[in-house]
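I opened a two-chain file today and kept notes as I went. The entries follow the order in which I looked things up.

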Amino acid sequence: MTATTTGGRGSETASSTLQLTFVPSDVVPAGGVFALWGTADIAAAAAALDLPAGDPGLLRTVRDGTPVTAADLPARTVPLLPVLRRLAAMPTASDWPAWRRPADSVLAWSTAAKLALETVVGGHLLPGFLAGSTPAQGVALWRAVPPRDGRLTTLAEAFPVAGHALRRPSDDAAIWDAHALLAAFLDAVADVCARQGRRPDLDPRRRGPRRPWAEMWGAALTSSDPTVAHLRLPAEEVAEQVDEWAGPLLGRDTRATARLALRLEPPVVGDGGSGELPARLAATEERWMLHLLLQSVVDRSLTVPAGEVWERPAGTLELAGRRVDDAQELLVRGLAEAARLYPPLDRALSEARPTQLELDAADVATLLGEGSEALTAAGFGVLVPPELRDAETKRLRARIRIGGTPVDGRVTGATSFDLSSLTDFRYEIALGDETLSRDEFAEIVALKQPLVRWRGQWVRIDHEQVDRLADLDGTTGTVSITEALAAALSGQHEVDDLGWVETVAAGDIAALLDRLRASDRPDQAEIVGIHGTLRDYQKRGVAWLQALTGLGMGGVLADDMGLGKTLMAIALLTSRPNDRPSLVVCPTSVVGNWEREIRRFAPDLPVVRHHGPERPNSRGAFRKGQVAITSYALMRRDIHLLEDIDWDIVVFDEAQQIKNRASKGAKAARALPARARIAMTGTPIENRLSELWSIIDVTNPGLLGSQRAFSERFAAPIERWRDEEAAARLRRLVAPFVMRRLKSDPDVAVDLPPKNEITVHVSLTREQASLYQAAVDNAFSGGLGTTTFERRGRILALLTSLKQICNHPAQYLRDDGRLVGRSGKLTRATEILAEIVASGDRGIVFTQYREMGELLKRHLADELDLPDVPFLHGGVTLPERDAMVARFQEDDSAPPIILVSLRAGGTGLNLTRATEVMHFDRWWNPAVEAQATDRAHRIGQTRAVNVHTLVTSGTVEDRIAELLERKKALADSVVGSGEGWITELDDDDLRSLVALSEDDVEDDEEVA
Amino acid sequence: MSTSDQAWWSRRWLEMLEATGAAFAQRLDRGRYFARKGVVHDLVIEPGHVGARVRDSRTHPYRVEVTVPTFADGEWTRVVESLAGELRFTARLLDGELPEDIDEALAPAGLELFPRADELDATCTCGETRMPCRHLAAVHYSFAEELDRDPFLLLQLRGRDRGSILAGLRAARSGGEGRPAARPGVLPLADLEGGSLVHARGDLDEVTVHPERVEDPAVLFDRLGHPPGVKDTAPYERMIARAADFAWRLAAGEGSDAADDELLVAELRAQRMSTAASVAEALGWPEERTREALDRLFEAGTVMRTGSGERTRYRA
């Protein structure tokens, strides 16, 4: 059998990854435990998955090999509940980044856990009783009524053997099969939930006096001591009676590969009903046929008519490649049970070999309603023609039409929209896609039929609902604009006793939505005061931002890295009226960069940095039309000042900083008053729903409801249970307010240069600044030397020191201290690389220093939660190097970041899988750098590459970068591969080159 | 075994016995008492014969034997044919029950499943002249108890076991024998293929899950009726509802803190006063997390805290 794991190239590591196996208790189900095994350091592996370490022991399992033999392997056992909690929250197999995916046995038990919880949530559990070793007592326990729709069989068949490789008690030649162990697990989960998580504890000391059976049993079922003592009848008999009672639900075998299914065949009707009036009911005169079938549980499309089953000798029937044991018995018992749930079937039992049944309209209506509900819940197939399937839209139902005129008379088109103002909605009655008028509704209802032919289709009418609908029709209510938008976008509005009611937009809400949807046209963008040209997709982004903010609404610009979000935000700011100040909040490491970008692209836009000990602490300091830039740390610190100002626009850059709703940062963000708030982020927030909620709570408060409601309605169904409908609904809901383009989008890629050069300016920390200044002073105070040779040597030595300081003090000082927070470059680089990893891209980081590479290796593995970051440098042997490259290029489970030393050059390095390249430090020789970059970007590479070059502002790095850029001729004349050309400069030029400009040093206070 | 719990077929058997002699009511009573006391041993039920030993007050037990005429092969064929006429009968048999209208079903075959009293031939070593003696009565009552649990004993007594009857019914419907199913639940090591035990054997993501809260989680009681010995199902329905709530919190992840807090407080109550470490161990949680949660509860005023450092103790 082929193993069809998703993305399974990491098979070499799989054998040493943590495995999980359930070990049922032989006393009471809730006492079952999980065994963690299969790797050398089990406790560490458990901690990595957020599981308790448990107690050490041995697992009665098997050893892989040919043949497979019995073996007792070291394991740690953990009680059921903590593992259950973790498994229920685990993402599904395809949602894990390949390098962190747990073993298949863990994922399989995660699915089993979710299935078990679904079973208990639905109330499918029964109390039971097991006789003990003495006749007068026994154990009360719970058993699950497993789902009978074939999912258990599908899961059991897909289960990795390691997950159920528990040897049977006193049998060393056999293990539990998956189905049996899953059944035991379901019972354990039911038992533990019914006991509210209490672990069973048979404690004879706590036994009380004899009480009536119902009381004793009830108490034992819900407490931690499951023992029932003082029985009047022998325990065996009690157990038998309880088993008999539960028999009809528990007796059925869930292993069955096929089941009884009923197929409804409508009569062929002449089309008497295409007019406006409902047809006379052809339904009453016609007869419907119900066919009896055997349906495969694993592939629902495969069926066999009952007639064929009756004719075949037992054991010879196969469906979907699986043998159907006792096919006739399946049908017989199925019919008997189904007849209890849907009485019209009883007639079939009077025949010897029933194959079909005639039904009248009333029977059909029952089948389509409660009959089909009961039958499918009991695990029978009910096949109904598409036009009669219980899609909401085919029934007669209530619908909300939202968006009449706003209650206070304000009309769309104003420059600012008060989102809290109210609009009204009304209830209507819908059938299919149409709205029924009062008269039409009355006519349909007057016919008093459960099934009606209307405009050429069959329609069900639930007459119990009809009165309710009649009452609702035409009634109205009000909601805020935000709620109205949310309802219109998601298509649902929650009403107290009706639950979620289908909603459509009309009037000004519909007009508003149309405006939003049509807002991203490039010609709509108002570009003002920008020095530079915007690409088409950028103009679309600006148009969209302007439309949103024009309406007083916020949004999230979530474009991929390198597409120019900063520029788009600046274009928004320059187009705003000058009547208020605006604020940009960003990570400390890019405050300087923002200022530079604004000065570069919008030189006429007044910009000021709100930072440093001299920063203002009064409102008056923020002038109309000015843009203030501050860091998240300072926003938190100075919130009392900032929340008093009426801002025009507040832009939150790298908005993942406010992803935790409860954090001070998020609270502060919500407190800043503004006409509109815009968030920017490069990480795919559609994949992190709690992050999404938190950010939208800042930009569009109220759109997504409360956090708890959001979690129940969207987060859990999408992240834990992969509910497609919920995912689609959420996408529709946020679509007008989130814009995300990828580098690979066709209309973006066409505008992008194949190599997108991004210069990232970072600042020195105080520590770095003082080291830098000291190095400069030292070099010049002693004189640069008398001979050319000496001079050259000293200059190169100075440059090396300065470069190392700009990289990280720990590299320069060769100390073993803390890495975090001591280097602006490292901070920013980590932020960028985190975004790259989160987006699922791969990147190369170049550095010319081996020590810096080692430093980065350690730091990145920790900070980015990667198992390891490979470092390719001169000391790596050729075969090792080839292996590293091969893994990077081909192995999905390999870390997505690779460090490469600039000097490790040479041929044979092909890292085309990377779409992001970072130059951590520079070799001031353009040819060498370009060659390094080109390793990633090669002919044959079809995707655009972002090249991030880190430059420390106000230092030699900055100046040389500028020099090389401005004086192209100089750059072209650089000969050879060294940096010696710098030494040709005279002393004064040199001095200005290396001088440190203090403006650009990070404020220590900000590192918070 | 009270009469109200008896299945109709065991009651019928006893009715047949009781009809033989109202005059012997006293002996029948005694027999019933004996059977309850458990003095009937080594009950044997075979085609055509029921036998047992009855230990009366004396040490030496009496032997009771009852013979019952069996159906001949030809008669069995007629039985199976009659039963095959309606699927309903097979359905009941598969459920482990005798159809109530079995007499009607077998009438066309001219047969009765239940033997008449005069068809039975009974002996007992007690020497009592008039039958039934109390020992025979005891054996009847014991047999009736067994029959109540397994009505197929009657069929067996008449000469065929359940399996062969069901096979006969199947054959009557279609023809031919079948292959037996494999032993469920057990997977021999010999059937395992080495080398890929850690890998899934199919697509795990194929199984989709959709926990959904239901209005009335205890609707199962409507289908099954009252559990044995329980007059008021309301407390049991509440247990199921609370189990569903607990499972929902685990499934949807909301308020798991609240569930944890409940557990913590419950455990503290059970331990009276203890350290975070001991509570953590009892619940199987990491100690760090337990301490944090306990401190949080202390801040919230739900829990008391004394001591410091390693000697910090909490109390509910």
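**Entry 1: where the chains meet**

I began with one strand pair across the chains: Ile175(A) stands opposite Leu187(B), which lies in strand 5 of chain B. Strand 7 of chain A (residues 174–176) and strand 5 of chain B run antiparallel and are joined by three bridges. I take helices (H or I, at least four residues) and strands (E, at least two) as DSSP runs, numbered from the N terminus. Strands count as paired if DSSP finds at least two bridges between them.

I note that this is a predicted model, in which local features need pLDDT of at least 70 and side-chain atom pairs count only at pLDDT 80 or more, while totals for chains, interfaces and linings use all residues. Residues are numbered from 1 along each chain as its sequence is written, and chains are lettered from A and ligands numbered from 1 in the order in which they are written.

I then looked up the whole interface: 77 residues of chain B are in contact with 103 residues of chain A. Contact here is C-beta atoms, placed from the backbone, within 7 Å. On the chain B side, the elements giving two or more residues are helix 4 (87–94), helix 8 (162–173), strand 5 (186–188), helix 9 (220–224), helix 10 (234–252) and helix 11 (256–271). Helix 10 of chain B gives the most, with 13 residues. By class I find 43 nonpolar, 18 polar and 16 charged residues on that side of chain B. The classes are nonpolar for Ala, Val, Leu, Ile, Met, Phe, Trp, Tyr, Cys and Pro, charged for Asp, Glu, Lys and Arg, and polar for the others, Gly among them.

**Entry 2: nonpolar cores**

Which residues have the most contacts inside the largest nonpolar core? They are Leu36(A), Val120(A), Val189(A), Ala243(B) and Ala247(B), in a core of 196 residues. Helix 7 of chain A (residues 178–194) gives the most to this core, with 13 residues. A nonpolar core is a set of buried Ala, Val, Leu, Ile, Met, Phe, Trp, Tyr and Cys residues joined through C-beta atoms within 7 Å. I use buried for 20 or more other C-beta atoms within 10 Å of a residue's own, exposed for 12 or fewer, and partly exposed in between, with C-beta atoms placed from the backbone.

I listed the contacts of Leu36(A), leaving aside neighbours within four places in sequence; among them are Leu18(A), Leu20(A), Ile42(A), Ala46(A) and Arg76(A). Apart from the largest core lies another, of 50 residues, including Trp310(A), Leu367(A), Ile444(A) and Val459(A).

**Entry 3: a sheet in chain B**

I traced an open sheet of four strands in chain B, with order 1-2-3-4 and antiparallel pairing. Its edge strands, strand 1 and strand 4 (121–124) of chain B, each pair on one side only.

Strand 1 (residues 40–46) and strand 2 of chain B pair over five bridges. Val40(B) stands opposite Val54(B), and Ile45(B) stands opposite Val50(B). Two residues lie between the strands of this hairpin, where Gly48(B) takes a positive phi near 85°. Strand 2 of chain B also pairs with strand 3 (residues 62–67) of chain B, over six bridges. Arg53(B) stands opposite Arg63(B) there.

Which side chains of strand 2 of chain B are buried? Val50(B), Ala52(B) and Val54(B) point to one face and are buried, whereas His49(B), Gly51(B) and Arg53(B) point to the other and are not.

**Entry 4: chain A overall**

I count 37 helices and 36 strands in chain A. Its C-alpha atoms fill a box of roughly 115 × 75 × 60 Å along the principal axes. Of its 1008 residues, 47% count as buried. Among contacts in chain A between residues at least 6 apart in sequence, 73% join residues at least 24 apart.

I also checked a hairpin in which three residues join strand 22 of chain A to strand 23 of chain A. Strand 22 (residues 492–495) and strand 23 (residues 499–505) of chain A pair in the antiparallel sense over four bridges. Gln492(A) has Glu502(A) as its bridge partner in strand 23 of chain A.

Key:
Contact = placed C-beta atoms within 7 Å.
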